[in-house]
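The following account leads the reader through a single protein chain, from one residue in its interior to the chain as a whole. Please keep the structure in view while reading.

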Amino acid sequence: MNHNINKVANKVSCIIVSLMFSLSALAEGEAPYNGSRIFWDTATKVTVFPNGGYARIIQLQDGRLMAVTENNGIDISFSTNKGGTWSSQTKIVSNPSGLPECVPDLIQLSDGTILVAYNPRPTEPYSEERKFGIRLKRSTDNGMTWSDEVYVIDADYEAGTGCWEPSFLQLPSGEVHLYYADEHPYPENNDQQISLCRSFDNGQTWSSPEKVSYRQGWRDGMPSAVILKDGNIAIAYEDNGWAGFEWNFMPTISVCPLDVNWHNWWTAGDSPYRWQARNYDFVNSGIRGGAPYLRVLPWGETVLSHQSDYNNDGRQNMYVYVGNEHAQDFKAACAPFSLGMNEEALWTSLAVIDTGIVVAVAPISGHVEMMKGYPVRQLNAPFGSPVVDGTQTRNEGYYKPMATQMILGREYGTRFTGDFAYNNDSLYFTSRVSDTDQVAVTGSFGDGISLYLDTKYASATYPEDGIFRFFFRLDGTMQVMYGEKGGRTWQRKADGDTLNINYKVTRKSTYYVIEAAIPWAGLGFDTAPVEQMMRVNVMLQNRSKTNSTPVYEMLPDAKRDASWSWMDFVLLENPASGIGKVEATEPEIIVDGTQLNVINGNVISIMLYALDGRCIGNCKGRNAIQLPSGTNGIVIARILLDDGTIISRKI
């Protein structure tokens, strides 16, 4: 059995994306950004608990959401509408005298049993009969009633030899893991390890602790465990012993093959199976902090959160990243919650619900808030012909019913959306901006939305041939800019030269809507380039009546003029046209049952995408790929041949 994990090699997962452009199009560019970015929707922010801290949420097998929090004991609450509203919080554990019950975690097991673990933490003056430990309660009736307290472990009775922060995981075999931060083995120093207890009877009894992660002289803490798509168990935790960053907590990942299951296996400080979730260095330390929380998206990508005082005047806030299926290469950092001047988000967590909605959970100023985020890897334009009138109506023809494929504006509190459609004549774009302090002035310094298009997938660092910027101003005017081959700056079209774009803007007191139809001819195409991958970025320019300096917000991790950092963008096949034409020189693509086969072609890679842009399958160097089980509806197959040809097919 080969347990070697080559981290460098893993970081190029889904490398197909970085090959999907011709060499002639490269111009001082980089490999195209790959991986999902999360669009956080501030309209979904809801109070889960009016009182509480250190909260966790899961989705139950019956579709409800269940939340748990510490609040002078342990409270729970339920939602029957995916977090829109929550039941009154109910206490299931009360605090014994001098022994607060803290930091809960919860899980629903495969047999339906719900476990809620918590951490007794004695207060001073310490006494031997009140010990740090891990306890739990069980429910076998969907949370209606709860068992007596179940003992898991005891540590010692003084801080410094205690235990902290339980975290659950169930293996496919049914075995249940409970991870926690453990000081108990080190009474003579300040060290701490991550320990594991096991249950083989759905949480009724538990094994003795085992060490799974330990850096001598330092403090591994606050674990969060998942099973990765690559077959590894992964734990995220905080590690304050990284060279050059000693005493600074770093979100850290350790892995163990599922078939090894931590038996005679633990990760030391120099283990190749331990790495920083992000690549920090002395020059560019980036965002770092503690309290990490790790989850897996249904298609295999990972999401990680932690708290940090980065760029926040010393106050803690929640940051969320998206990583690959190996729990590496975390990027697209974003803080879902906009905090007030005296607010902090502490001991935060994540949940993944439905088909991949990410729920950010943050205790803020004594209450617990949640917000939904939507991971998107690729932006799409369906075939349609919206009416360009500056209004948005349901099912007008855009990708989402209310034109919300992109939801942005969290950073400065100005929510704006964006969406696309196309027909054979034009590309359609619309955006709705929630803004009560609108500034409409002639020129470049008023409110508006910029749409950036890389029509040739140049993956460039600077504006290149085939790259456009359209600035749709609130005052109803617009500016067209474009790149030139070998250039490094934007060129401006003459005033009035708008490529025959049809543009409308509608203003209301609390929002404005822009809508535009951009002719394909102005972008250099005779008709809609259905089988051509493009890249796209959007940017809000927003200023207030009291501040002449605009603020800007765009796609997470995007750089304004560098198209390699934008998002993939594709026109979906016109359903009325059926499967796209196959030229005689192209290989034949056949679906045989649940397998896609490429006949008479030298294949480098095959990628399968759902219509929402999720990568749901990939293979390299093979002419066949299994379609994912349970796939319903349309799958987009993108095939890269050894001569650079890219074939896109609707399956």
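In this predicted model, Y512 has a relative accessibility of 0%, and it therefore counts as buried, a term applied to residues under 20%. Y512 belongs to strand 34, which covers residues 511-519. Leaving aside neighbours within four places in sequence, Y512 is in contact with S431, R432, V433, D435, Q438, D447, G448, L474, V505, T506, R507 and L540. One of these partners, L474, is 38 residues away from Y512 in sequence, yet the two C-alpha atoms are 7.9 Å apart in space.

From this residue the view may widen to the chain. The chain contains 2 helices and 44 strands. Of its 651 residues, 59% are buried. When contacts between residues at least 6 apart in sequence are considered, 57% of them join residues at least 24 apart.

How confident is the prediction? The mean pLDDT of the chain is 89, and 90% of the residues reach 70 or more. Over residues 1-27, however, the pLDDT is below 50, although this stretch has 61 contacts in the model beyond near neighbours in sequence. The pLDDT is also below 50 over residues 579-585, a stretch with 10 such contacts. Where pLDDT is low, the predicted coordinates should not be read in detail.

The next topic is the nonpolar interior. The largest nonpolar core has 52 residues, and those that touch the most other members are F420, L451, F470, F472, I501 and F569. I501, taken as an example, is in contact with F470, F472, M478, V480, A516, A517, I518 and P519, apart from its neighbours within four places in sequence. A second, separate core consists of 31 residues, among them V226, L228, V260 and A277.

V226 also appears in the description of a pocket. The second largest pocket has a volume of about 680 Å³. Its lining comprises 20 residues, and I107, L169, V226, R295 and V352 are the ones that lie nearest its centre. At least two lining residues come from each of strand 2 (53-59), strand 6 (101-108), strand 10 (163-170), strand 14 (221-227), strand 18 (290-296) and strand 22 (349-353). By class, this lining has 14 nonpolar, 4 polar and 2 charged residues.

Enclosed spaces are a separate matter. A search of the whole structure finds 3 cavities of 30 Å³ or more, and the largest cavity has a volume of about 80 Å³. The residues lining this largest cavity are V530, E531, V570, L571, L572, E573, I636, R638, S648, R649 and K650. Two or more residues of the lining come from each of strand 37 (567-571), strand 43 (635-641) and strand 44 (646-650). Strand 44 gives the largest share, 3 residues. The lining divides into 5 nonpolar, 1 polar and 5 charged residues.

R649, a lining residue of the largest cavity, is also a contact partner of I589. I589 is placed in strand 38, residues 588-592. Is I589 buried or partly exposed? With a relative accessibility of 22%, I589 counts as partly exposed, because the range for that class begins where buried ends, at 20%. Beyond its neighbours within four places in sequence, I589 is in contact with L596, N597, I639, I647 and R649. Of these, I639 lies 50 residues away along the chain, and its C-alpha atom is separated from that of I589 by 9.8 Å.

Finally, some details of the backbone deserve attention. Most residues other than glycine have a negative phi, and most peptide bonds are trans. Against this background, E124 and P125 are joined by a cis peptide bond, with omega about -5°. P125 is found in the loop between strand 7 (114-120) and strand 8 (133-139). N202, which is not a glycine, has a positive phi of about 60°. This residue lies in the loop between strand 12 (193-199) and strand 13 (210-213), and N202 is partly exposed, with a relative accessible area of 23%. A403 also has a positive phi, near 55°, and is a residue other than glycine. The loop that holds A403 runs between strand 25 (378-381) and strand 26 (406-408). At 3% relative accessibility, A403 counts as buried, whereas N202 is partly exposed.

Definitions and conventions:
Residues numbered from 1 in each chain as written. Predicted model: local features only at pLDDT ≥ 70, side-chain atom pairs only at ≥ 80, totals over all residues. Heavy atoms only, no water. 1 Å grid on protein atoms, 1.4 Å probe; cavity = no way out; pocket = protein on both sides within 12 Å on 5 of 7 lines; lining within 4 Å. Points joined across faces, edges and corners; volume = space filled by probe spheres on them. Helix = DSSP H or I, 4+ residues; strand = E, 2+ residues; numbered from the N terminus. Nonpolar A, V, L, I, M, F, W, Y, C, P; charged D, E, K, R; others polar. Buried < 20%, exposed > 50% of the residue type's maximum accessible area, 1.4 Å probe, protein only. Contact = heavy atoms within 4.5 Å. Core = buried A, V, L, I, M, F, W, Y, C linked by side-chain atoms within 4.5 Å. pLDDT = per-residue confidence, 0-100.
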